[in-house]
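Colleague: I am new to this structure and would like a close look at a single part of it, the salt bridges, together with their surroundings. Please set the scene first and then take me through that part slowly.

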Amino acid sequence: MKKNTRLFGEIDISDDKLIRFRDGIVGFPFMKDFALINDEEKENSIMWLQSMDEEQFALPVIDPYGIMPDYKPTVDDELLKSIDYEDQIPFVLVTLTVPPKIEDLTANLKAPIIINTDNNKGVQVIVEDDYEVKYHIYDLLKKKED
């Protein structure tokens, strides 16, 4: 599937790489299909969840375990049924807010994105755990670069 995107120009994503969110993502229920754009050579780098429904929309995301190794959100099993989750280890991402001042970069640990990599189905959930919506990560990422 070829799509023009605001950030990446024209991209070609094979159907088996599409991530399907049956109910969309929080705030955007009409966006169902996404592609994960990343630099495979860089560990713990920022990735982009690019909407295949809306070329202007891409969310910066990151693997939360690279910034908080003990991150363990409690997710109701009922919420995971939409991605046919069973016993495999899910792929978890969190969204980033990139403000004008990069030092204020934050991750939303309260609403993780969970992907079943066996079938490329995803769901975004809001957890009841005491995680921050705006967890400051700039200094953590800076340390990893050094």
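Modeller: The chain in this predicted model holds two helices and 11 strands, and when it is read along the sequence these elements follow the pattern β-β-β-β-β-β-α-β-β-β-β-β-α. The radius of gyration is 15 Å, close to the 15 Å that the globule rule gives for 146 residues, so the chain is as compact as a globular protein of that length. Along its principal axes the C-alpha trace spans about 40 × 40 × 30 Å, and 42% of the 146 residues count as buried. Among contacts between residues at least 6 apart in sequence, 52% join residues at least 24 apart.

Against that background, the part you asked about consists of three salt bridges. In one of them the side chains of Asp-33 and Arg-20 meet, with 3.1 Å from N to O, and this pair links distant parts of the chain, since Asp-33 belongs to strand 4 (residues 33-37) and Arg-20 to strand 3 (residues 19-21), 13 residues apart. The two partners differ in their surroundings: Asp-33 is buried because its relative accessible area of 18% falls under the 20% cut-off, whereas Arg-20, with a relative accessible area of 42%, is partly exposed.

Another salt bridge joins Arg-22 to Asp-23, and here the closest N and O atoms are 3.1 Å apart. Arg-22 counts as exposed because its relative accessible area of 51% is over the 50% cut-off, while Asp-23, with a relative accessible area of 47%, is partly exposed.

The salt bridge between Asp-84 and Lys-121 has its closest N and O atoms 2.6 Å apart. Asp-84 lies in the loop between helix 1 (77-80) and strand 7, and Lys-121 lies in strand 10 (residues 121-124), so this pair ties together parts that are 37 residues apart in sequence. Both partners are partly exposed, Asp-84 with a relative accessible area of 40% and Lys-121 with a relative accessibility of 28%.

The residue numbered just before Lys-121 also deserves a look, and to read it one general point helps. Most residues other than glycine have a negative phi. Asn-120, by contrast, has a positive phi, near 60°, although it is a residue other than glycine. Asn-120 is placed in the loop between strand 9 (113-116) and strand 10, and at 17% relative accessibility it counts as buried.

Returning to Asp-33, we can follow its surroundings through Ser-51, which sits in strand 5 (residues 47-51). Leaving aside neighbours within four places in sequence, Ser-51 is in contact with Met-31, Asp-33, Phe-34 and Phe-57, so that the acidic partner of Arg-20 is one of the residues that Ser-51 touches. Ser-51 counts as buried, at 2% relative accessibility, and its side chain reaches the backbone nitrogen of Glu-54 at 2.9 Å.

Two of the residues touched by Ser-51, Met-31 and Phe-57, are also among the members of a nonpolar core of 13 residues, which includes Leu-59 and Val-61 as well. Phe-57 has a further role in the picture, for ring pairs link Phe-28, Phe-30 and Phe-57 into a cluster. A search of the whole structure finds six aromatic pairs, and one of these is formed by Phe-28 and Phe-30, edge-to-face, at 6.3 Å centre to centre and with 70° between the planes. Within this pair Phe-28 is partly exposed, with a relative accessible area of 28%, whereas Phe-30 is exposed, with a relative accessible area of 54%.

For the wider setting, the largest nonpolar core has 21 residues, and those with the most contacts inside it are Ile-67, Tyr-71, Ala-107, Leu-109, Ile-114 and Ile-137. Its largest share, three residues, comes from strand 7 (residues 91-97), and the core of 13 residues described above lies apart from it. Taking Ile-67 as an entry point, and again leaving aside neighbours within four places in sequence, one finds it in contact with Ile-62, Ala-107, Leu-109, Tyr-135, Ile-137, Leu-140 and Leu-141. In soluble globular proteins, nonpolar side chains tend to be buried together.

Terms used
Residues are numbered from 1 along each chain as its sequence is written. This is a predicted model: local features need pLDDT of at least 70, side-chain atom pairs count only at pLDDT 80 or more; totals for chains, interfaces and linings use all residues. Side-chain values use heavy atoms; hydrogens and water are left out. Helices (H or I, at least four residues) and strands (E, at least two) are DSSP runs, numbered from the N terminus. Buried means under 20% relative accessible area, exposed over 50%, partly exposed in between (1.4 Å probe, protein chains only). A polar contact is a pair of N or O atoms within 3.5 Å; within protein, one must be able to donate a hydrogen and the other to accept it, and residues adjacent in sequence count only if both atoms are side-chain atoms. Contact means heavy atoms within 4.5 Å. Rings of Phe, Tyr and Trp (its six-membered ring) pair if their centres lie within 6.5 Å; planes under 30 degrees apart count as stacked, over 60 as edge-to-face and the rest as tilted. A nonpolar core is a set of buried Ala, Val, Leu, Ile, Met, Phe, Trp, Tyr and Cys residues joined through side-chain atoms within 4.5 Å. A salt bridge is a side-chain nitrogen of Lys or Arg within 4 Å of a carboxyl oxygen of Asp or Glu. The radius of gyration is taken over C-alpha atoms; the globule rule is 2.2 Å times the number of residues to the power 0.38.
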